[in-house]
Amino acid sequence: MESYIVMQGRTYHDEKELGVLWSLQRDSVGNVHHFWERMKEVAEGDRIFHYVRGDIVAISVAKSGYREAYKPSEIPLPVIENAKGYLVEVDYYELDLPLTIEDYFDEILPLLPIKYSAFQENANGNQGYLYPCNEELTIKLVELIAGLNIYEIDEEQLEFVMGTVQKTEHDFLIPLLAETESETKTKLRLGHQRFRNELLPLWHGKCALCDIELPELLQASYAKPWKDCTNNERIDPNNGILLCRNHDALYSNGLIAFDGTGKIHISSRIPEVDYDKYGLQIKMSVKRTEKNKPYLKWHKKHMFKE
């Protein structure tokens with residue numbers, strides 16, 4: 001199951017009435033855009049969060065993959081005459097209380113990818129149509145939506161996270177959120193588990209910087225974070241370094257990085273007099289291979305705090 005965010009604006013109500021998502025294939029000069037091409041990635045069972053003028057107003061479930069189709073006449077968009085588009089049939093579930101992105105943006109911003117984010121750094125939505133929604137962001141949106149729309153009236157009625165949720169004739173939102181959260185967390189856990197298991201032997205089961213070997217103190221550290229990765233990059237053991245929890249925290253927060261030769265770079269936010277306190281030395285380095293070199297360089301470019 002994958003998740004997406006669709007930016008609909010004035011087309012929302014008409015697309016909802018039709019039970020579809022629809023986009024162009026090319027613009028007026030023939031250009032192809034990633035936010036339209038992504039329609040071809042949608043598969044049956046995928047989740048879509050519907051963004052309209054600052055709010056997430058609904059969640060839908062894809063009933064099938066895409067098909068090519070002309071614009072339905074009910075959708076008020078000026079298009080090139082006889083231009084084909086992509087259409088996906090979905091079941092819409094409107095929220096009683098919309099989720100206003102700006103109100104929770106401090107929680108959402110750290111989970112946004114650097115590339116192809118649905119939202120700008122000022123909490124406004126980006127121009128375009130269909131954007132990816134990584135697993136960490138999906139879980140956060142589900143939690144926020146549940147907090148606004150699900151109420152625990154008595155102890156037997158609802159235990160959203162841990163309990164069994166039963167679908168009733170009149171309430172589809174609760175089981176939809178529970179299933180989305182459960183499947184997404186499982187996918188995230190299994191991905192991290194596979195990544196760690198394949199990373200361990202590459203670093204001989206010890207921290208690349210301090211040689212700590214206790215498994216309980218070792219962390220499989222991503223160079224390129226999950227939110228910014230393709231599905232293949234998320235499980236590629238070359239996209240990581242085995243570090244102790246101390247060095248992992250420094251690396252994940254961009255306070256240390258490694259260049260294409262494996263040499264350490266230490267952020268100026270850590271005074272040199274404190275290097276020993278954090279287990280750091282200027283001449284430290286990690287094993288660099290041709291396979292992990294691009295990931296190390298990506299981390300240094302995008303994550304490192306000079």
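Rings of Phe, Tyr and Trp pair if their centres lie within 6.5 Å. This model is predicted, and it holds nine aromatic pairs. A pair of aromatic rings is described by the distance of the centres and the angle of the planes.

Start with F35 and Y131. Their ring centres are 6.4 Å apart. Their planes meet at 35°, so the pair is tilted. Stacked would need planes under 30 degrees apart, and edge-to-face over 60. The contact links distant parts of the chain. F35 belongs to helix α2 (residues 34–37). Y131 belongs to strand β7 (residues 130–132), and the two lie 96 residues apart. F35 has a relative accessible area of 14%, so it is buried. Y131 is buried too, at 4%. The cut-off for buried is under 20%. W36 joins F35 and Y131 in one aromatic cluster.

Now turn to F195 and Y222. This aromatic pair is stacked. The centres are 4.0 Å apart, with 5° between the planes. Here, too, distant parts of the chain are linked. F195 sits in helix α5 (residues 173–199). Y222 sits in strand β8 (residues 218–222), and 27 residues separate the two. F195 has 1% relative accessibility, so it counts as buried. Y222 has 13%, and therefore also counts as buried.

Charges sit over rings as well. R38 lies over the face of Y116, at 5.2 Å from the ring centre. K287 places its charged end over the ring of W203, 5.5 Å from the centre.

Methods
Residues are numbered from 1 along each chain as its sequence is written. This is a predicted model: local features need pLDDT of at least 70, side-chain atom pairs count only at pLDDT 80 or more; totals for chains, interfaces and linings use all residues. Side-chain values use heavy atoms; hydrogens and water are left out. Rings of Phe, Tyr and Trp (its six-membered ring) pair if their centres lie within 6.5 Å; planes under 30 degrees apart count as stacked, over 60 as edge-to-face and the rest as tilted. Helices (H or I, at least four residues) and strands (E, at least two) are DSSP runs, numbered from the N terminus. Buried means under 20% relative accessible area, exposed over 50%, partly exposed in between (1.4 Å probe, protein chains only). A charge sits over a ring if NZ of Lys or CZ of Arg is within 6 Å of the ring centre and within 35 degrees of the ring normal.
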